[in-house]
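Here are a few notes to read alongside the model. I have kept them short and grouped them by region.

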Amino acid sequence: MANSNYLLTHASDHQWGITTKTVGIQDVKPGNRYPIGEHPEDYLFFPDKGRILQETQILYIIKGSGWFVSAHQPRTQLRAGDSVILYPHEWHNYAPDPQTGWAEAWIGFTGKFANMLVNKYFPDKSHPIHHVGVSQTLCAAYEKACEIAVAQMPAYQQQLAGYIGLIVSTIYARSQQLPFIDNPDTLNIKFATRLMRKNLHRNMHMEDIATEVGMSYSKFRKQFKNHTGFPPAQYFLRLKMERAKDYLLNTTLSCKEISFRLGFDSASYFNKMFRYYQGQTPRDFRTSGGTV
């Protein structure tokens, strides 16, 4: 079974910064020839020669196994849940194992915003393979993109741009999150963040939270920053600042009352921290309606 779509674009489509050139899904049964179906000349390739594309493609292996090789990546086995960035102007080659076959999905795109996303989040051509796991979100995104490409209703290119953003962001997020999924400390950090959110009215000591989750403070601080990107004390303070902004915009509470509700020792310290993180005094933030 093959569902391949090769798309044309109008000048107005390029204003979005992402245009889709091709999207498809195909299920290659064990022993079947590869690739399946008819493809335009620009997209033809043969497993004994490989090819070079003019745009970025993201290949996703839904089931089965196979191999991939490129100018920067030695021949490597692919398995279900692997995603591969096919860089423009980069020779590459891939195919399913004849014994297992595979189901693959792909989407090809170009544009200034698309190039920025790839260059920023997937800059290393020597690491094009990302082990993201079998994801219902990704499978559904590719399936929906195929439906949109087949229907080609007005503004379908703009609609597909959203699914490319979803696919790219999901692959990036999954590749970052997988190391934490089976990490026993992950539940402790989640518990710590919930504890902080429930106690914004208090002046909590991070050492006490570390004790609460059964970790030494040095390990807690390291793992917390690995998971959230912030040291625990800074994370807690930023949560307080976000709650302070809600109070300033949606209540008539004074700065002194807000500082008391958020567990600050004094209104002056609250004002100092708010200005540091927000770039405005609490009074100016309230007067401007939250705009800088």
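1. A word on terms, to begin with. Two strands pair if DSSP finds at least two bridges between them. Helices (H or I, at least four residues) and strands (E, at least two) are DSSP runs, numbered from the N terminus. This is a predicted model, in which local features need pLDDT of at least 70 and side-chain atom pairs count only at pLDDT 80 or more, while totals for chains, interfaces and linings use all residues. Residues are numbered from 1 along each chain as its sequence is written, and side-chain values use heavy atoms, with hydrogens and water left out.

2. Take the β3–β4 pair. Strand β3 (residues 56-70) runs antiparallel to strand β4 (residues 76-79), and four bridges join them. The connection is a hairpin through five residues. If you want one bridge to look at, serine 65 is partnered with arginine 79 in β4.

3. Next, helix α6 (residues 217-228). Its 12 residues reach 16 Å from first C-alpha to last, close to the 16 Å expected at 1.5 Å a residue (the expected span is 1.5 Å times one less than the number of residues). Which residues of α6 are buried? They are Phe220, Gln223 and Phe224, where buried means under 20% relative accessible area, exposed over 50% and partly exposed in between (1.4 Å probe, protein chains only). Because these buried residues cover an arc of only 105 degrees around the axis, they sit on the same side of α6; the arc is that of the directions from the helix axis to the C-beta atoms. Ser218 and Lys222 are exposed on the other side. The cover over the buried residues includes α4, α5 and α7 (232-250), contact meaning heavy atoms within 4.5 Å.

4. Histidine 201 is worth a visit too. You will find histidine 201 in the loop between α4 (185-198) and α5 (206-212). Histidine 201 counts as partly exposed because its relative accessibility is 48%. Leaving aside residues up to four places away in sequence, histidine 201 touches Phe260, Arg261, Leu262 and Gly263. Its C-alpha lies 9.0 Å from that of serine 259, 58 residues apart along the chain.

5. Finally, some backbone angles. Most residues other than glycine have a negative phi. Histidine 89, not a glycine, has a positive phi of about 65 degrees; histidine 89 is in the loop between β5 (82-86) and β6 (92-96). At 56% relative accessibility, histidine 89 counts as exposed. Just after α6, glycine 229 has a positive phi of about 90 degrees.
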